[in-house]
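Welcome! Below are a few exercises for getting to know a new structure, each with a worked solution. Have a look at the model first, then try each task before reading on.

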Amino acid sequence: MLSFTIDETFPLLGVSIFKSEIGEKYNCLIVAIERDNTLFVPDNSSTFELGDLIWITGEKSRIRQLMKDEQVIPQEEEFEQS
């Protein structure tokens, strides 16, 4: 599992998880979002908001592709290189 923070350069800012198609495109699952110091399990209508901490799980190679495609920098200590 890895986490990353949504900033103003994230191309899916304001887009719902459903419309982002991250799950289908990268075979990943967004398991939690931390927003305003509150952790919650998102549903498909949840949107990516500025400052959100996103927790995602899936196959490492697919997550790496997501990071590259969406220009996301993971929290380094959580994403082991293999």
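**Exercise 1.** Which strands does helix 3 lie across, and at about what angle does helix 3 run to strand 4?

*Solution.* Keep in mind that this is a predicted model. Start from helix 3 and look for the strands it crosses: they are strand 1, strand 2 and strand 4. Then compare directions: helix 3 runs at about 140 degrees to strand 4.

**Exercise 2.** Work out the order of the strands in the sheet and find its edge strands.

*Solution.* Step one: the sheet is open, has 4 strands and follows the order 1-4-2-3, with antiparallel pairing. Step two: strand 1 and strand 3 (38-40) pair on one side only, which makes them the edge strands. Step three: on average, neighbouring strands here are turned by 25 degrees against each other, direction ignored. Step four: zoom in on one pair, strand 2 and strand 3, joined in the antiparallel sense over 3 bridges. There you can find Glu34 opposite Leu39 of strand 3.

**Exercise 3.** Find the residues that touch the most other members of the largest nonpolar core, and the elements that supply it.

*Solution.* The core has 18 residues, and those touching the most other members are Phe4, Ile22, Ile30, Phe48 and Ile56. At least two core residues come from each of strand 1 (2-5), helix 2 (22-26), strand 2 (28-35), strand 4 (53-58) and helix 3 (60-69). As background, nonpolar side chains tend to be buried together in soluble globular proteins. Now follow Phe48: beyond four places in sequence, its contacts include Ile22, Ile30 and Ser20.

**Exercise 4.** Is Ser20 buried or exposed?

*Solution.* First locate Ser20 in helix 1 (residues 17-20). Its relative accessible area is 11%, and the cut-off for buried is under 20%, so Ser20 is buried. Next, check its surroundings: leaving out residues up to four places away in sequence, Ser20 touches Leu12, Val15 and Phe48. Finally, a polar atom of the Ser20 side chain lies 2.7 Å from the backbone oxygen of Ile17.

**Exercise 5.** How does Gln75 count by its relative accessibility, and which residues is Gln75 in contact with?

*Solution.* Look in the segment after helix 3 for Gln75. At 25% relative accessibility, Gln75 counts as partly exposed. Beyond four places in sequence, Gln75 contacts Leu2, Ser3, Phe4, Thr5 and Leu53. For Leu53, set two separations side by side: Gln75 and Leu53 are 22 residues apart in sequence, and 9.9 Å apart in space from C-alpha to C-alpha.

Key:
Residues are numbered from 1 along each chain as its sequence is written. This is a predicted model: local features need pLDDT of at least 70, side-chain atom pairs count only at pLDDT 80 or more; totals for chains, interfaces and linings use all residues. Side-chain values use heavy atoms; hydrogens and water are left out. Buried means under 20% relative accessible area, exposed over 50%, partly exposed in between (1.4 Å probe, protein chains only). A polar contact is a pair of N or O atoms within 3.5 Å; within protein, one must be able to donate a hydrogen and the other to accept it, and residues adjacent in sequence count only if both atoms are side-chain atoms. Contact means heavy atoms within 4.5 Å. A nonpolar core is a set of buried Ala, Val, Leu, Ile, Met, Phe, Trp, Tyr and Cys residues joined through side-chain atoms within 4.5 Å. Two strands pair if DSSP finds at least two bridges between them. Axes are lines fitted to C-alpha atoms, for helices over the stretch in contact, and angles run from 0 to 180 degrees between N-to-C directions.
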